[in-house]
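Q: Please take a close look at the strands of this model and walk me through what their residues do. A connected account would suit me better than a list.

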Amino acid sequence: MRADRSNDWELPEKYTGKGAMVENLNQPREYDAVLGGQTKTPANAAVLGGIEGIKRRLASAVEEHRIAALKDAPKYGEAGLDLVIQALQNESRQVMWAAYRLLRERAEPRVKQILQEYNPWRPFERLYTFGWHSDWVKSVAISPDGQTLVSGSRDKTIKVWNLHTGKLSRNFAGHSDTVETVAISADGHIIVSGSHDKTIKVWNLHARELIRTLVGHSDQVYCVAISADGQIIVSGGSEETIKVWNLHTGELIRTIGEHLWWVNSADGHSHNVVKTVAISPDGQTFVSGSDDATIKVWNLHTGKLIRTLAGHSYWVNTVAISADEHIIVSGSRDKTIKVWNLHTGELERTLAGHSNSVYCVAISPDGQTLVSGSREEIIVWGVR
């Protein structure tokens, strides 16, 4: 496992304009809009002026115009591709991410080499902090539209917030003990919560009502996750097993073996607990974290262990998987947040900012916002 990457990544000189060769690509192409006698603009037209037109649009103060220019830039060959590469250092995080997504689809060796050295998760900044729970915040989840934040707490409640303003919009009460975990369905209609009261509850977010309670765990429920198709709930807890449920009927489908092994302790019978689970968007993989400070990646359908990630120095309390299935984010009792490559297990970044254990993390659908919770404090991190 290699160490965290530097914050000071820079493009090769070729792409910074220093000594770069300039191609003469200012002549309109067949897909350019041409002034004069032309009365109809081609559907896939760029802007009159060729590559210089793309450069002018990339200098626009309007982010949408810059993103649209990036999408047109590859039509101009190597020079256009160079502009997309340069946009990896754009001051706008939306433009930077647009460039990153475009380049991930390219097969050129030089692009692959640049992306190997580039870490889009490196420039985090703290946006704001808010808190209304009366006790520790144990879990957070972001709605698919990126507008809503749901949090669960030791105060036994579930709260729903406006992610961008921090305004509290509603409160759910029904658990008789700590709400250890919350999750939101992909359609944004359902909240699932797990509690120390050994139950899992399914809520209608918009109707503000309890749909059903799932009973099957013999001890505290520490984690729940909902599959992207809205059919499956995965949960874990103190008994070291992971349970798979039908979300719509509440039926227990299967139990996936022991997560970890029994370990020696002073009383001779201590064991590690499944603290957190997350399901990949494609529904093929899930990730779990435990008191042994490791993260494990599993095949959801076979229960086979794929790999183990080690790097935290204390309990792993929470994990989340990005929508593009490239990133795992974990939070630990060691007060840090770690960003991992899901496919290689490589540690990409460590974030420090909490003064206590990190109990929960969530990633927005566009990959540009990370939310973490610690006791009564919630921190929202932005990716520039």
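**A close look at the strands**

A: Let's start at a turn: Gly-367, in the hairpin of E22 and E23, takes a positive phi near 75 degrees, and this hairpin has 5 residues between its strands. Please keep in mind that this is a predicted model. The two strands of the hairpin, E22 and E23 (residues 369-374), run antiparallel and are joined by 4 bridges. Across that pairing, Cys-360 stands opposite Gly-373 in E23.

What covers the two faces of E22, and which residues lie on each side? In a regular strand, side chains alternate between the two faces of the sheet. In E22 (residues 360-363), Cys-360 and Ala-362 lie on one side, Val-361 and Ile-363 lie on the other, and all four are buried, so both faces of the strand are covered.

From Ala-362 we can step to another strand. The C-alpha atom of Ala-362 is separated by 9.7 Å from that of Ala-183, although the two residues are 179 residues apart along the chain. Ala-183 belongs to strand E6 (residues 179-184). With a relative accessible area of 8%, below the 20% limit, Ala-183 counts as buried. Leaving out residues up to four places away in sequence, Ala-183 touches Ala-141, Ile-190, Ile-191, Val-192, Val-224, Ala-225 and Ile-226.

Strand E6 also takes part in a charged link. Side chains of opposite charge can pair when their charged atoms come close. Here Lys-138 and Glu-180 form a salt bridge, with their closest N and O atoms 3.1 Å apart. This pair links distant parts of the chain, since Lys-138 is in strand E2 and Glu-180 is in strand E6, 42 residues apart. Both Lys-138 and Glu-180 are buried.

Strand E2 brings us to its own sheet. This is an open sheet of 4 strands in the order E2-E3-E4-E5, with antiparallel pairing. Strand E2 (137-142) and strand E5 (168-173) are at the edges and have a single partner strand each, so one side of each is left without a neighbour in the sheet. On average, neighbouring strands here are turned by 20 degrees against each other, direction ignored. Inside the order, strand E3 (residues 148-153) and strand E4 (residues 157-162) pair in the antiparallel sense over 5 bridges. Leu-149 stands opposite Trp-161 in E4.

Another open sheet of 4 strands has the order E14-E15-E16-E17, again with antiparallel pairing. Its edges are E14 and strand E17 (305-310), each with a single partner strand, so each has one side without a neighbour in the sheet. The twist averages 20 degrees from one strand to the next. Strand E16 (residues 294-299) pairs with E17 in the antiparallel sense over 5 bridges, and Trp-298 has Leu-305 in E17 as its bridge partner.

Trp-298 also has an aromatic partner. There are 6 aromatic pairs in the whole structure. In one of them, the rings of Phe-286 and Trp-298 have centres 6.1 Å apart and planes at 10 degrees, so the pair is stacked. Phe-286 lies in strand E15 (residues 285-290) and Trp-298 in strand E16, so the pair ties together parts that are 12 residues apart in sequence. Both partners are buried: Phe-286 has a relative accessible area of 0%, and Trp-298 has one of 9%. Tyr-314 and Trp-315 form an edge-to-face pair, 5.8 Å centre to centre with 85 degrees between the planes. Tyr-314, at 38% relative accessibility, is partly exposed, and so is Trp-315, at 28%.

Trp-315 leads back to the edge strand E14. Lys-275 is found in E14 (residues 274-279). Setting aside neighbours within four places in sequence, the contacts of Lys-275 include Trp-315, along with Tyr-222, Cys-223 and Asp-291. Why does Lys-275 have no salt bridge? A salt bridge needs a side-chain nitrogen and a carboxyl oxygen within 4 Å, while the nearest side chain of opposite charge to the buried Lys-275, that of Asp-291, is 4.2 Å away. Because the contact limit is 4.5 Å, Asp-291 can still appear among the contacts of Lys-275.

Notes. Residues are numbered from 1 along each chain as its sequence is written. This is a predicted model: local features need pLDDT of at least 70, side-chain atom pairs count only at pLDDT 80 or more; totals for chains, interfaces and linings use all residues. Side-chain values use heavy atoms; hydrogens and water are left out. Buried means under 20% relative accessible area, exposed over 50%, partly exposed in between (1.4 Å probe, protein chains only). Lys and Arg count as positive and Asp and Glu as negative; His and the chain ends are not counted. Two strands pair if DSSP finds at least two bridges between them. Axes are lines fitted to C-alpha atoms, for helices over the stretch in contact, and angles run from 0 to 180 degrees between N-to-C directions. Rings of Phe, Tyr and Trp (its six-membered ring) pair if their centres lie within 6.5 Å; planes under 30 degrees apart count as stacked, over 60 as edge-to-face and the rest as tilted.
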